[in-house]
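Ready for a few exercises on packing and pairing? Take a look at the structure, try each task, and then follow the worked solution.

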Amino acid sequence: MGDPKKSRRRWESPGHPWIKSRLEREMELVGTYGLRNKRELWIAETMLRRVKHLARSLLALPEDEREKRLNQLVARLYSMGILSTANATITDILSLSTEAVLERRLQTIVWKKGLAKTIYQARQLIVHGHIAVRGRRVTSPGYLVSREDEKYIDFYPISSYAKARTAETTQVS
């Protein structure tokens with residue numbers, strides 16, 4: 001038990017900080033997905049690293065137990081939207097990339113749904129409270145959107161953007 005006011009780190013920083021190819025790849029991902037800093041990238045990498053570790057640990061289990069736990073892991077990753085198919089294998093899980101996790105961030109999905117013009121505007125809309133998931137305001141751009149919740153992402157009902165869109169639709173009709 002710890003103090004609830006003191007959150008634990010959710011990421012592990014790279015072991016060797018000055019590898020040029022890794023630094024270039026990180027800067028490219030930070031720019032592509034509009035991340036605030038590398039910590040947000042490291043959170044996604046750490047989450048993926050833990051999932052891959054779990055998948056590798058399944059290989060040491062007996063066949064029936066492995067199949068049962070693999071189905072649970074695949075179902076969880078599929079519902080999160082990280083896996084594209086519900087019939088994935090351990091190889092599919094081990095071949096996942098960081099981009100698969102970053103694609104599930106609320107910021108990325110808001111941008112891809114066309115609610116924002118740029119990925120940076122998507123971040124600002126979320127932080128300023130204009131975006132809701134299932135009618136609940138979400139202000140964290142790093143919120144991982146499940147496959148089920150993806151269709152419920154929209155402007156918060158009392159947001160000025162929602163009101164502007166409503167006014168536009170009434171003028172057109």
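**Exercise 1.** Over how many bridges do strand β1 and β3 pair, and in the parallel or the antiparallel sense?

*Solution.* Keep in mind that this is a predicted model. Start with the pair itself: β1, residues 131-133, joins β3 through 3 bridges, in the antiparallel sense. One of the bridge partners is easy to look up, since Ile131 is matched with Phe155 of β3. Now widen the view: the open sheet has 3 strands, ordered β2-β1-β3, with antiparallel pairing. β2 (136-137) and β3 (153-155) are the edge strands with a single partner each, so each has one side without a neighbour in the sheet.

**Exercise 2.** Work out how helices α2 and α3 are oriented to each other, and list the residues in their contact.

*Solution.* First, take the angle: the axes of α2 (residues 38-58) and α3 (residues 63-80) cross at roughly 160° and come within 10 Å. Angles over 145 degrees count as roughly antiparallel, and therefore α2 and α3 are roughly antiparallel to each other. Next, the contact: α2 supplies Met47, Val51, Leu54, Ala55 and Leu58, while α3 supplies Arg66, Arg69, Leu70, Leu73, Arg76, Leu77 and Met80. Finally, sort these by class: 9 are nonpolar, 3 are charged and none is polar.

**Exercise 3.** Do the same for α1 and α2.

*Solution.* Helix α1 (residues 20-33) packs on α2 at about 100°, with the axes 10 Å apart. This angle makes α1 roughly perpendicular to α2. From α1 come Leu23, Arg25, Glu26, Met27, Leu29 and Val30, meeting Lys38, Leu41, Trp42 and Glu45 of α2. The class count for this contact is 6 nonpolar, 4 charged and no polar residues.

How values were computed:
Residues numbered from 1 in each chain as written. Predicted model: local features only at pLDDT ≥ 70, side-chain atom pairs only at ≥ 80, totals over all residues. Heavy atoms only, no water. Axes fitted to C-alpha atoms, helices over the stretch in contact; angles between N-to-C directions. Helix = DSSP H or I, 4+ residues; strand = E, 2+ residues; numbered from the N terminus. Parallel < 35°, antiparallel > 145°, perpendicular 65-115°, else oblique. Contact = heavy atoms within 4.5 Å. Nonpolar A, V, L, I, M, F, W, Y, C, P; charged D, E, K, R; others polar. Pairing = 2+ DSSP bridges.
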